[in-house]
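Q: I have a two-chain file to go through. Walk me through it, please, and start with the terms.

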Amino acid sequence: MKAIFKRELNAYFTSALGYAYLFLFLVFTGLVFYFTSIQTGLSSLTTYFTVTAYLSPLLLPLLTVRIFSEDRKLKTDQLLLTAPVSTTGVVLGKFLAAFAMFGIGLAVTIIYPLIQSRYGAVPVAETVCAYIGFILFAALILAVGAFMSSLTENQITAAAATYVVVCAVIAAVFAVNIIPNETIVNIALWLSPINRFLNLLHGRFNINDAVYLASVAGLFLFLTVETFEKRRLG
Amino acid sequence: MITVSNLTKKYGQKTVLDNVSFDVKEGEIVGFLGPNGAGKSTAMNIITGYISATEGSAQIDGHDIAKEPIEAKKRIGYLPEMPPLYVDMTVREYLEFVCDLKKVKKADMKAHIDGIIETVKISDVENRRIGNLSKGYKQRVGLAGALIGDPPVIILDEPTVGLDPKQIVDVRNIIKKLGETKTVILSSHILSEISAVADRVIIINRGRIATEDTPANLQNRLGKSHRVQLTVSGDRGKAENLLKSFDGVSNVVCTSSNGDEHSFEFETQLSANDRKKIFFAFAKENMAIISQQDKRLTLEEIFLSVTDGGGKESDGGEGDI
């Protein structure tokens, strides 16, 4: 697993993909921070987190589209799946590399609350809670992306399928306004990770929400492993 | 070292491998021979754990690939038909990655990689990106990858496909050398490659083992009926009739004529002693035999005779020949 993690993380930097992701992520979060905090003079980071929350999932599939689909195309999956490594090890190694890339970008954004703290009191607990939410939500999106990438050797298909899921997840929060039936709305909101993510993002820590996000991420990783096992059976 | 029992692989209704069983002893080089689509790669993919069998089992050094995949895979170095290379890495980076995958100790890694680079002769490209290498080098880097971790079993799927003649000889020599210390299975649809290196040949056709033996035994077993080429000086019709008059001579064909020299090919079950009679019969007719030579069945002909209409035969295949 460690070998695969190391190779995958390196691969982000030998291709343009890793740099492109980091560039877009940092420019994007930087601009949002500038317009929601510096320009408005607000001391709260709530708006910054909310805008970033809705839009950064659109960048995350960049990290996962190729992780499995490219292996199938180049037949390097034959190396990984015949090496003395478990399928779970292969999946986790690749997932964690994508997750680490997200982590690198996120670590840089810690600079924003630090800047903010010079001009006013930043609520530490709420900010930490928001970061935990961000990390769990990203894990979920990356797990979905990894799963989609494992289904196809076409990167475009993998990306499109991931975006469909991401958009459906985000759209669920707006469903309230469109769907007239209250029961359906409640079920959709309960199922959709976005509300749980927003709870954390707004500093309302609830262990159920955190467990839910982590579980869904775990479920998709499990499905990815199962996809490999099923393909092995032919 | 390798025990394959009743291996069957089905994709939906299609049976790609049908009840295949064989053993490979330690230190043996075994060649899988068969036309494209015969099931060679499928068999190798199952033995190496890339895909699983519908029925049957494969054991490597006593470890079942389905039940103890990690233990079994530790003992195998596999070069698939298309070398599984990361084109964005340099040769050395790639081999270091494979070392990590196969858990080669950090301290031994450099010496180990150096040794393998030396064996497969890729030292001049070790710092180049794999994506920029020629087909021959890529093949050798793939082979180097299979050797990492010093596994006792090496499985090579069409290791010389797409290489130029010099590269083929190089790779063949590497395989021969590997066979001195390791158990090797290689596949090919190129017959000379198998007969050049393998101790034993398993001919696979339409998912079944058509026959198996040493290259020499195969030729002896299947070549009971000799083809003889005979060149004679004199009248063509007379010579042909004379040949046909012998019992045990059949399928007489005149292959070429040059002036009054005519070459014939025929099949005969006559022993070498009996064939002296042919000589004296021609001498009596005052026709000189310029040359007479045995044409043994080549592995290629054996291959074709075993695989032609292969669907009909059950397991032996000899009856068809």
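A: A residue is buried if 20 or more other C-beta atoms, placed from the backbone, lie within 10 Å of its own, exposed if 12 or fewer, and partly exposed in between. Buried residues make up 41% of the 321 residues in chain B.

Q: What should I know about the model and its numbering?
A: This is a predicted model, in which local features need pLDDT of at least 70 and side-chain atom pairs count only at pLDDT 80 or more, while totals for chains, interfaces and linings use all residues. Residues are numbered from 1 along each chain as its sequence is written, and chains are lettered from A and ligands numbered from 1 in the order in which they are written.

Q: How many helices and strands are in chain A?
A: Chain A has 13 helices and zero strands, counting DSSP runs of H or I of at least four residues as helices and E runs of at least two as strands, numbered from the N terminus.

Q: And chain B, how many of each?
A: Chain B has eleven helices and 14 strands.

Q: What is the radius of gyration of chain A?
A: Chain A has 19 Å, which agrees with the value near 17 Å for a compact globule of 234 residues; the radius is taken over C-alpha atoms, and the rule is 2.2 Å times the number of residues to the power 0.38. Its C-alpha trace spans about 55 × 45 × 30 Å along the principal axes. Of the 234 residues of chain A, 41% count as buried.

Q: Let's look at α12(A). Which of its residues are buried?
A: In helix α12 (residues 193-201) of chain A, the buried ones are A:Pro193, A:Ile194, A:Arg196, A:Phe197, A:Leu200 and A:Leu201. They are on the same side of α12(A), because they cover an arc of only 165° around the axis, the arc being that of the directions from the helix axis to the C-beta atoms.

Q: What do they pack against?
A: The buried residues of α12(A) pack against α3 (46-55), α8 (124-151), α9 (155-171) and α13 (207-233) of chain A. Just after α12(A), A:Gly203 has a positive phi of about 85°.

Q: A:Glu70 caught my eye. Buried or exposed?
A: A:Glu70 counts as buried because it has 20 C-beta neighbours inside 10 Å. A:Glu70 sits in helix α4 (residues 61-74) of chain A.

Q: Back to the core. Which residues have the most contacts inside the largest one?
A: The largest nonpolar core has 133 residues, and those with the most contacts inside it are A:Ala98, A:Leu140, A:Leu142, A:Ala143, A:Ala146, B:Tyr94 and B:Ala144. The largest share of this core, 15 residues, comes from α8(A). Such a core is a set of buried Ala, Val, Leu, Ile, Met, Phe, Trp, Tyr and Cys residues joined through C-beta atoms within 7 Å. A second, separate core of ten residues includes B:Ala239, B:Leu243, B:Val249 and B:Phe264.

Q: What is A:Leu142 in contact with?
A: Leaving aside neighbours within four places in sequence, A:Leu142 is in contact with residues including A:Leu60, A:Phe95 and A:Phe102. Contact requires C-beta atoms, placed from the backbone, within 7 Å.

Q: How many residues does each chain put into the contact between them?
A: Chain A supplies 20 residues and chain B 25 residues. On the chain A side, α1 (2-14), α5 (77-82) and α13 each supply at least two. α1(A) gives the most, with five residues.

Q: Last one: what is the domain assignment of chain B?
A: Chain B is assigned domain 1 (2-215) and domain 2 (224-295), with bounds from an automatic or database domain assignment. Taken over C-alpha atoms, the centres of these two domains of chain B are separated by 47 Å.

Conventions:
Two residues are in contact if their C-beta atoms, placed from the backbone, lie within 7 Å.
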